[in-house]
Amino acid sequence: MSVPTDTPATRPAGPVALTLPEVLDDLAARHPNAEALVGPEGRTTYAALADRTTRLAAFLAGAGLRRGDRVGILLPNGLRWITAALAAHRAGLTVVPVNTWYRAAELEHVLRGSAVRLVITDSTIFGRDVRAELTAAGLPQTFPAANGPDGYLGALEWPADVELPVDAESSGEADPVPLSGPRPDDLALLLFTSGSTARPKPVPLEHGKLLRNGYEIGRRQHLVAGDRLWIAAPFFFGYGCSNALPVALAHGVTLCLEERVDGDRSLEFIARERCTVYYGLAPTTRNLLAAPSFGRHDISSLRTGTTGFTAEDKRLVIEELGVTEVCSMYGLTEGYGHSTVSDAHDSVEIRLHTSGPIVPTQEIRITDPDGTPLGTGETGEIELRGCVIGAYLGGPELNDGAFRDGGWFRTGDLGHLDDACRLHVVGRRKEMLKVKGINIAPIEVEELLCSHRAVDQAYVVGLPDPTGDELMVAAVVVRRGHEQGPTFVAELTAHVKARAAGYKVPTRIEVLAQEQLSLTDTGKVSKRALRDLLAGGMA
């Protein structure tokens, strides 16, 4: 079953333009003094941001960069990141967001693999010596590089206390090189995202699709001009650069950025700036709720936003943070942010227990392993098309098994559609467990564990059993303020047993501290690292 959504006759008007610089210019013309961005490096209006990006774009063109060239941005969240990205776009360049956590080997893979010609960065970031890391990656030159490999121009360093990384006069009062801005089908971003392979895959994202999809994501949240979107997730992740940014521009929403989430400081920031839109996943939510000052700051301005993924994650946002109209969603970088989003005015039950219907820019279907579409209520692989990538960049091996005929992208996730065509996500295909011949979705057991009053987080993995079967092992993190006694694990086991079939009860449950959970390069808990940890027989 393939499910489209709105028909052209009922579909509302979309974004005013289909490239990011054009949307910024429209906002600068219509609302020049409205606030575009607030962050650790200051605040700016749409008019000032448009002017600043124009001057930096002229410099980039004058430095020899041409339409289609790639520019890496290795900076923390803030005014510099947004200015650098939109200036590069204005000059017709493709932005490669670079993970600020990366070390030399990872930097080399991303920067050389994407043929970046210039890196906009700082000499140090979060105390790390960026110059030393780039040197170790084989890219030691600062801008302008005399003889950089493959046309590499070097690292353009931009200190936080200066307006632009270059003297405005150096770009010339009259642009020495005409700017060749982007077209809607030009690449805006080249994002590296981890999948089932050991190394991140390059995901190409176009201007037009970013804005069309971003507009629809914002429409489900009921965003209006003047809303203030808070996000602390790094902009080198898709949740920031390919979701929050185009959503904010498409709806005239102020971006309220933090470099990282910090409970007390973040609560104070949200209260001070009267943020109305919450962009926070489970770790962010728990960080805020665990802050000593939680409850002492007025964050009642928060109204809507997106969050996920489990029912408990969403409940915490709605009931404990008080973001009563937050939307549930399902998305991935290859699908331009979110592919399904509930409506902000849906019932709490719908938002807690579904990921919402497909957005109008995409189609969804559920298939069996052979690619045969399944019917309502049948669980299979989630496939998408529309505002979805057509291929990964790089060698053909990256695309093996990732696409089906007709432009369908295979997500690798499992789910089903209900009678209202809302998506219910079951889990990752490669994470499914087979215990005593029965298929079990880890997310189902994780949600059962998280429904216990003392459990903050739960993760379930399969470990090899000498009999050739799999053992289901769970790791839990205890909620702040709850102590675990000697019978705690037995209590959790009984809790699951009372609510589910016996084969869904974990063979073993381990209690871990938050710092024992390793993260992937996209900020999620690494099931692979957790599996290795639990395989050591901690009990």
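The residues lining the second largest pocket comprise 10 nonpolar, five polar and three charged ones. The model described here is a predicted one, and this pocket offers a convenient point of entry into it. Its volume is about 210 Å³. Of the 18 residues that line the second largest pocket, Leu27, His31, Ala225, His251 and Gly252 lie nearest its centre. Two helices, α1 (20–30) and α7 (238–251), each contribute at least two residues to this lining. Helix α1 provides the largest share, namely four residues.

From the pocket, the account turns to an open sheet of eight strands. Their order is β3-β2-β13-β12-β14-β15-β16-β17, and the pairing is mixed. Strands β3 and β17 (340–341) occupy the edges with a single partner strand each, so one side of each has no neighbour in the sheet.

Strand β2, which spans residues 35–39, can be followed in both directions across this sheet. On one hand, β2 is joined to strand β3 (residues 42–45) by four bridges, and the two run antiparallel. The connection between β2 and β3 is a hairpin with two residues between the strands. Within this pairing, Gly39 is positioned opposite Gly42 of β3. On the other hand, β2 pairs with strand β13 (residues 254–257) in the parallel sense, over two bridges. Here Val38 faces Cys256 of β13 as the residue opposite. How far is β2 enclosed by the rest of the structure? Buried residues are those under 20% relative accessible area. Four of the five residues of β2 are buried, and the strand is therefore largely enclosed by the rest of the structure.

Further along the order of the sheet, strand β12 (residues 228–231) and strand β14 (residues 277–279) run parallel and are joined by three bridges. Ile231 has Tyr279 of β14 as its bridge partner.

Strand β6 (residues 116–121) presents a further case of burial. Six of its six residues are buried, so β6 is largely enclosed by the rest of the structure. Two pairings of this strand can be described. Strand β4 (residues 70–73) pairs with β6 in the parallel sense over four bridges, with Arg70 standing opposite Val116 of β6. Strand β9 (residues 155–157) also pairs with β6 in the parallel sense, over three bridges. In that pairing, Ala155 of β9 is the bridge partner of Val119.

The remaining sheet to be considered is an open one formed by three strands in the order β25-β26-β27, with mixed pairing. Which strands stand at the edges, each with a single partner strand? They are β25 (455–464) and β27 (508–511), and one side of each is therefore left without a neighbour in the sheet. From one strand to the next, the twist averages 25°. Strand β25 and strand β26 (residues 470–478) pair in the antiparallel sense over nine bridges. Val460 stands opposite Ala474 of β26 in this arrangement.

Two helices pack on this three-stranded sheet. Helix α12 (residues 442–450) touches β25, β26 and β27, and its direction makes about 145° with that of β25. Helix α14 (residues 527–534) likewise touches β25, β26 and β27 as it packs on the sheet, but its direction makes about 70° with that of β25.

Note on methods
Residues are numbered from 1 along each chain as its sequence is written. This is a predicted model: local features need pLDDT of at least 70, side-chain atom pairs count only at pLDDT 80 or more; totals for chains, interfaces and linings use all residues. Side-chain values use heavy atoms; hydrogens and water are left out. On a 1 Å grid over the protein atoms alone, a cavity is a set of points where a 1.4 Å probe fits but cannot get out, and a pocket is an open set with protein on both sides within 12 Å along at least five of seven lines; lining residues have an atom within 4 Å of a point. Grid points are joined across faces, edges and corners, and a volume is the space filled by probe spheres set on the points. Ala, Val, Leu, Ile, Met, Phe, Trp, Tyr, Cys and Pro count as nonpolar, Asp, Glu, Lys and Arg as charged, and the others, Gly among them, as polar. Buried means under 20% relative accessible area, exposed over 50%, partly exposed in between (1.4 Å probe, protein chains only). Two strands pair if DSSP finds at least two bridges between them. Axes are lines fitted to C-alpha atoms, for helices over the stretch in contact, and angles run from 0 to 180 degrees between N-to-C directions. Contact means heavy atoms within 4.5 Å.
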